[in-house]
Amino acid sequence: MPEFEPLYTTTSAESIGRFVARHYVLSEPLACRMVNRGFNDVYLVTTASGDRYVFRLSHHRARGAADVRTETDFLAHLARCGVPVAAAVPARDGNLFVRGEAAEGRREGVLFPAIDGRMPDVASQSDAHANGVTLARVHDAAMSYQPEAPLYRLDLDHLLHRPLARVENLCRTIGSDDGGFLQEVCARTAAGIEAMQGLAWTHCHGDCHGFNARIGAAGEAVFFDFDDSGRGYLAYDLAVFLWAKLSFGRRFHAAWHAFVDGYRSVRPISAADFEAAHAFVIVRHIWLMGEQASRSREWGSEPVRWITQQREFLEGWEAQQLGARLI
């Protein structure tokens, strides 16, 4: 037994290539390189015939194991409905995901076709419009989707209360005290959302911040990365895009409006859900803070110390957008 217990190992691209060749019917030899190491690890796999695939190796996050069964099933449903998404490639045994053993334990993997197209531009109104159209099509198709046994619900416990607890735990560890500010703003936000009537639920993408898509030659947004998907508030799915355009000093109001216009060109947004999206921006920000805080054992406390510096954004959003909104 090694003296040092691993929390998270980085798997070599060579071993990923061998694993993919063993579990999938692809023309060999395979070339494999790592693309990104983050909440999950992502590898680009190129076959002997030049076909490109993306293999995502899931990490065991604070929420628990990746819900690859529901995710890949939902993606298959979306593809059958004609929604532009990167659906999972079946393995040799017909399953839409695989599992393998790493030093720290079992991890889930999914193979996706690589999407042709370019990365969206953060300020582009046409790209934002395309994202809105595709998200609306996801929500339309979700109306006929019935998951068997999903692991997660994107409710306030999952998105707000448990992430807050992770942030507070980290703050105690590094000796950062906000005087109860985060508790208070989260309590006000939760109470406000719970008091709202008629909020819609759907099967959410869960991470539609604008960059989990590629823009094709015809301008269509093809979605991927449904790792955070699940049944939850429709307003939260909208809010993720709003948050992405106006957090961390960004001021891309026009892109948000274009996104809403794109969504509304496919399906309506109720007044209640539109208003609630502004409150869910705080929920999204706390969720991200909680995700980062939960990785401090792997990444260290200093790389995630930024979460202790978010009072100005949260106070400003609450005062300006949830009082007399400027947008």
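Helices H4 (residues 156-174) and H8 (residues 271-294) lie oblique to each other, because their axes cross at roughly 50°, an angle outside the ranges under 35 degrees (roughly parallel), over 145 (roughly antiparallel) and 65 to 115 (roughly perpendicular). The two axes come within 7 Å, and the crossing is left-handed, the near helix being turned anticlockwise from the far one by less than a right angle. Contact (heavy atoms within 4.5 Å) involves residues including Leu164, Val167 and Leu170 of H4 and Phe280, Ile286 and Met289 of H8. The residues of this contact comprise 13 nonpolar, three polar and two charged.

The model is predicted, with local features requiring pLDDT of at least 70 and side-chain atom pairs pLDDT 80 or more, whereas totals for chains, interfaces and linings use all residues. Residues are numbered from 1 along each chain as its sequence is written, and side-chain values use heavy atoms, without hydrogens and water.

The largest nonpolar core (buried residues, under 20% relative accessible area with a 1.4 Å probe, joined through side-chain atoms within 4.5 Å) contains 81 residues. Phe280 and Ile286 are among the members that touch the most others, as is Leu182. H8 supplies the largest share of this core, 13 residues. Leu182 touches Leu164, Val167, Ile286, Met289 and Leu314, residues up to four places away in sequence not being counted.

Helices H3 (residues 125-142) and H6 (residues 234-246) pack with axes 12 Å apart, at an angle of about 165°; H3 is therefore roughly antiparallel to H6. Ala128, Asn131, Leu135 and His139 of H3 meet Leu234, Asp237, Leu238 and Phe241 of H6.

Notes:
Axes are lines fitted to C-alpha atoms, for helices over the stretch in contact, and angles run from 0 to 180 degrees between N-to-C directions. Helices (H or I, at least four residues) and strands (E, at least two) are DSSP runs, numbered from the N terminus. Ala, Val, Leu, Ile, Met, Phe, Trp, Tyr, Cys and Pro count as nonpolar, Asp, Glu, Lys and Arg as charged, and the others, Gly among them, as polar. Buried means under 20% relative accessible area, exposed over 50%, partly exposed in between (1.4 Å probe, protein chains only).
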